[in-house]
Amino acid sequence: MLLEFVFEYSSSSLVYEKVLLRVLSNSKLEGKLVKVDKKVKLFVESENSTELEEFANNLSLELPHSIFLDNTQVNVVDAMPDEEFVLPSADKAFLSFCPSCLKKVLDESNENFYNPFCECEVCGYDANIKPQNHQADFQKIAKSIADGNNVKVNTFYGEYYLGKLSSKCNDISFDVLSYDLASVGKYTSATENEIIALGAIEKPLIKLKTNLKFKVDFEGVDNELLRFKLADDLILHFISLELQKNGINLVFITQQKIEFQDELLLVEPKTNLVPIECVVGEKNIIILSGNKGLPKFPLSSEKVVPFLGAFNSVIREHKLFEQTVVGLNLSKDYHNNILAYSKKFGIIEYLSFKFEFSSISQIFEAIDASDEKASKLLKSYKAKYPEHCEKISKITFDGKDLNVYKLWGIIAIILDLSDSEDLYTSGNILENNAKLYLGEKGPRIDYKLQTIKSKVFLDPLMVIRTAMTFRLADIDPLSLCYGVIESFVEFIATQLDEIKHSMNTDVVVATGSLLGNNHLFSKLDKEVSINHKLYFNKQLPVDGDNILYGGNELVAN
């Protein structure tokens with residue numbers, strides 16, 4: 001019998017290829033590995049069905065889950081292929097430990113017991129160091145943390161500081177390192193898909209809503225959003241393991257230099273890598289930031305327009321050159337728009353989200369001049385919040401090329417949700433409020449189009465006016481913030497449907513850091529996917545400041 005194991009795996013890290021070849025070499029069976037585009041296929045042959053079953057069981061134990069794995073299947077086929085994949089010599093992807101290494105280092109009978117330098121062709125560090133038991137070192141540092149000390153720890157990819165979660169954390173920028181997935185589930189509102197992603201071999205950071213204030217000594221934090229992760233190298237894993245024995249399942253982890261009372265410096269980091277942060281939807285996972293475990297692509301030598309570079313990179317990664325593509329750019333930092341591309345007409349801007357205002361006072365004047373209904377709304381708003389309106393009317397800002405995120409910042413200021421005069425900071429407050437909302441629906445905010453000199457733009461005043469109306473009605477602020485974002489995604493979905501009808505588009509490409517909002521991404525991933533084939537960068541961060549492919553020109557090669 002000849003079995004074909006098929007893995008739809010969109011990573012260039014070669015981890016799956018290495019594990020499959022290792023399991024095959026450790027068996028007595030004949031087999032071949034083949035790669036076809038994003039599919040990795042392992043063919044295994046035996047006349048004994050028991051041997052094939054045993055091989056499949058071993059494979060399931062050795063093969064780690066990956067955020068880049070889209071689908072798997074097993075088929076009975078007729079013939080072994082002629083071609084065969086040859087593993088290239090390449091730098092290791094610097095992922096976390098594989099299941100085989102974890103089994104070794106936790107086996108007291110193995111020479112690598114509690115050895116963080118366990119060598120491995122898949123995930124190891126080629127340390128060439130004689131195996132040594134370092135359990136005493138990890139017990140000592142874990143006891144120090146349990147006693148309330150902050151500690152400095154060198155990992156294989158950077159220098160970190162760890163300590164117990166407490167009110168002292170309010171003064172630093174930190175993430176939460178969890179011993180296991182059960183602890184994440186206990187202290188957060190993580191979805192099943194987020195839990196699965198956290199356990200993948202890439203060990204990504206995922207921002208989650210927590211209830212830590214009531215569960216641990218973590219004063220001053222109520223309904224906070226924090227990034228969680230599991231240990232992504234053996235040093236952190238051993239520390240987490242020993243902390244768990246001390247009754248501690250969560251600690252803070254940061255690269256911000258802080259005072260520390262103890263240290264563990266078993267290694268000198270050879271490189272400084274940033275762990276990837278992911279956002280998880282129902283169907284897709286995107287990388288928001290970071291580079292640990294990602295392949296190294298050559299940088300383009302040409303100067304690029306950020307949002308075009310991101311758009312181009314997705315088309316190149318998914319080989320969409322022959323398609324008619326709609327590009328949705330939702331960056332926090334750059335210009336937002338909807339693009340269209342085909343080989344026939346090139347790249348055109350279909351819809352722009354930019355607008356220009358220089359002050360809150362100017363926005364109020366524009367609302368007042370819009371129509372009678374808008375004028376009455378503004379008068380009512382100023383009558384209900386006179387001191388606030390007078391205060392914010394003095395706020396000025398650089399009003400050129402404002403984008404959707406800055407629009408949300410303006411809304412947060414006008415609705416008195418933010419004390420900051422900075423639009424980016426205020427946009428972040430509205431965004432976080434929306435993330436904290438646990439309801440299923442928010443109030444419907446009007447996103448409308450306007451035509452200026454034959455070009456189509458988003459009408460920002462209508463968005464602001466609708467939000468003010470609901471504020472006058474004393475709608476719950478979290479619900480209102482959620483409605484601002486939810487209604488925007490619904491607006492986007494409607495626009496994409498109309499573009500598909502008028503231009504006969506094939507696919508939608510979405511880029512930009514605004515996709516990092518979990519509610520926005522999840523709703524976009526769910527609703528747009530109903531009528532459109534939706535693509536994101538799989539192996540690159542989603543925003544324009546991380547462009548590795550360049551330019552305004554799309555070249556198929």
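This is a short dialogue about reading strands, a sheet and one loop residue in a predicted model.

Visitor: Let me begin with a single residue: where is the place of Asp78, and is Asp78 buried or exposed?

Guide: Burial is judged from relative accessible area, and a residue over 50% counts as exposed. Asp78 is exposed because its relative accessible area is 83%, and its place is in the loop between strand S4 (69–77) and helix H3 (99–105).

Visitor: What distance separates the C-alpha atoms of Asp78 and Phe55?

Guide: These two residues are 23 residues apart along the chain, and their C-alpha atoms are separated by 19 Å.

Visitor: Now to a strand: how many residues of strand S15 are buried?

Guide: Here the cut-off lies at the other end, since buried means under 20% relative accessible area. In strand S15 (residues 337–342), 6 of the 6 residues are buried, so the strand is largely enclosed by the rest of the structure. Asn337, Leu339 and Tyr341 point one way from S15, while Ile338, Ala340 and Ser342 point the other way, and all are buried.

Visitor: Which strands pair with S15, and in what sense do they run?

Guide: Strand S14 (residues 325–329) runs antiparallel to S15 and is joined to it by 5 bridges, with Val326 standing opposite Ala340 of S15. Strand S16 (residues 346–352) also pairs with S15 in the antiparallel sense, over 6 bridges, and there Tyr341 has Ile347 of S16 as its bridge partner. A hairpin of 3 residues joins S15 to S16.

Visitor: How should I read the open sheet, and in what order do its strands stand?

Guide: It helps to follow the strands from one neighbour to the next, which here gives 7 strands in the order S8-S9-S7-S10-S6-S5-S11, with mixed pairing. Strand S8 (206–209) and strand S11 (262–264) stand at the edges, and because each has a single partner strand, one side of each is left without a neighbour in the sheet. From one strand to the next, the twist averages 35°.

Visitor: How many bridges pair S8 with strand S9, and which residue of S9 does Lys207 stand opposite?

Guide: S8 pairs with strand S9 (residues 225–230) over 4 bridges in the antiparallel sense, and Lys207 stands opposite Arg227 in S9.

Visitor: Finally, which strands does helix H7 lie across?

Guide: Helix H7 (residues 234–245) lies across strand S5 (151–155), strand S6 (158–163), strand S7 (175–178), strand S10 (250–254) and S11, and the helix runs at about 140° to S5.

Definitions and conventions:
Residues numbered from 1 in each chain as written. Predicted model: local features only at pLDDT ≥ 70, side-chain atom pairs only at ≥ 80, totals over all residues. Heavy atoms only, no water. Helix = DSSP H or I, 4+ residues; strand = E, 2+ residues; numbered from the N terminus. Buried < 20%, exposed > 50% of the residue type's maximum accessible area, 1.4 Å probe, protein only. Pairing = 2+ DSSP bridges. Axes fitted to C-alpha atoms, helices over the stretch in contact; angles between N-to-C directions. Contact = heavy atoms within 4.5 Å.
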